[in-house]
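Biologist: Could you walk me through this model, one question at a time? I would like to follow the reasoning behind each answer.

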Amino acid sequence: MTKFEIDFLVQRKNLDIKKKDVATALNITAPTLQSRIRNPHKVTIQELDLLTEMGFEFNLLTTQKNEKRKLKRISKTIEN
């Protein structure tokens, strides 16, 4: 599972929104929504905007590479 998938699931549960309701709001099918969740680079700006209106929050600047870099810096700091 990717960080995006986990974040989406946690937020959806916290917002008490069903997956089919998210798909309906985005005007896409449930399988298409699942594809977007698994491949977040396919999510459109318009879809992100609609998700934000529903209460979802996204940090678009956080990538897996950035996370790995942060972990390396933290590890080096701890070692020193």
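Modeller: Gladly, and please keep in mind that this is a predicted model. Let's begin with Lys20, whose place is in helix H2.

Biologist: Is Lys20 buried or exposed?
Modeller: A residue counts as exposed when its relative accessible area is over 50%. Lys20 has 57% relative accessibility, so the class for Lys20 is exposed.

Biologist: How many Å apart in space are Lys20 and Pro31, C-alpha to C-alpha?
Modeller: Along the sequence, Lys20 and Pro31 are eleven residues apart. In space, the C-alpha to C-alpha distance between Lys20 and Pro31 is 9.7 Å.

Biologist: Now the overall fold, please. What pattern does the chain follow along the sequence?
Modeller: The secondary structure comes to five helices and zero strands. Read along the sequence, the pattern is α-α-α-α-α.

Biologist: What percentage of the residues in the chain is buried?
Modeller: Buried here means under 20% relative accessible area. Of the 80 residues in the chain, the buried ones make up 24%.

Biologist: How are helix H2 and helix H3 oriented to each other?
Modeller: Helix H2 covers residues 19-26 and helix H3 covers residues 30-38; their axes come within 9 Å and cross at roughly 95 degrees. Angles of 65 to 115 degrees count as roughly perpendicular. That crossing therefore makes H2 and H3 roughly perpendicular.

Biologist: Which residues of H3 are met by residues of H2?
Modeller: On the H2 side, the contact involves Lys19, Val22, Ala23 and Leu26. By class, the contact of H2 with H3 has five nonpolar, one polar and one charged residues. The H3 residues in this contact are Ala30, Leu33 and Gln34.

Biologist: And H1 with H3: what is their orientation to each other?
Modeller: The axes of H1 and H3 are 8 Å apart, and the helices pack at an angle of about 125 degrees. An angle outside the ranges for roughly parallel, roughly antiparallel and roughly perpendicular counts as oblique. H1 and H3 are therefore oblique.

Biologist: Which residues of H1 make the contact with H3?
Modeller: From H3, the contact takes in Leu33, Gln34, Arg36, Ile37 and Arg38. By class, the contact of H1 with H3 has four nonpolar, one polar and three charged residues. The H1 residues are Phe4, Glu5 and Phe8.

Biologist: Arg36 catches my eye there. Which side chain makes a polar contact with the side chain of Arg36?
Modeller: Arg36 lies in helix H3. Leaving out residues up to four places away in sequence, Arg36 touches Phe4, Ile28, Lys42, Val43 and Glu47. The polar contact, at 2.9 Å, is with the side chain of Glu47.

Biologist: Let's turn to the aromatic rings. How far apart, centre to centre, are Phe4 and Phe58?
Modeller: A search of the whole structure finds three aromatic pairs. Phe4 and Phe58 form a stacked pair, with 15 degrees between the planes. Phe4 is in helix H1 (residues 3-15) and Phe58 is in the loop between helix H4 (45-54) and helix H5 (64-79), 54 residues apart. Centre to centre, the Phe4 and Phe58 rings are separated by 5.6 Å.

Biologist: What class of exposure does Phe58 have?
Modeller: Its partner Phe4 has a relative accessible area of 18%, so Phe4 is buried. Phe58 has 24% relative accessibility, so Phe58 counts as partly exposed.

Biologist: What is the angle between the planes of Phe8 and Phe56?
Modeller: Phe8 is in helix H1 and Phe56 is in the loop between H4 and H5, 48 residues apart. Both Phe8 and Phe56 are buried. Their rings are stacked at 5.1 Å centre to centre, and the angle between the planes is 5 degrees.

Biologist: Which residues do ring pairs link into a cluster?
Modeller: The two stacked pairs described above are Phe4 with Phe58 and Phe8 with Phe56. Ring pairs link into a cluster Phe4, Phe8, Phe56 and Phe58.

Biologist: One last point, on the backbone. What is the phi of Asn27?
Modeller: Asn27 is found in the loop between H2 and H3, and at 71% relative accessibility Asn27 counts as exposed. Asn27 is not a glycine, yet its phi is positive, at about 60 degrees.

Technical notes. Residues numbered from 1 in each chain as written. Predicted model: local features only at pLDDT ≥ 70, side-chain atom pairs only at ≥ 80, totals over all residues. Heavy atoms only, no water. Axes fitted to C-alpha atoms, helices over the stretch in contact; angles between N-to-C directions. Helix = DSSP H or I, 4+ residues; strand = E, 2+ residues; numbered from the N terminus. Parallel < 35°, antiparallel > 145°, perpendicular 65-115°, else oblique. Contact = heavy atoms within 4.5 Å. Nonpolar A, V, L, I, M, F, W, Y, C, P; charged D, E, K, R; others polar. Phe/Tyr/Trp six-rings, centres within 6.5 Å; stacked < 30°, edge-to-face > 60°. Buried < 20%, exposed > 50% of the residue type's maximum accessible area, 1.4 Å probe, protein only. Polar contact = N/O pair within 3.5 Å; in protein donor to acceptor, adjacent residues only side chain to side chain.
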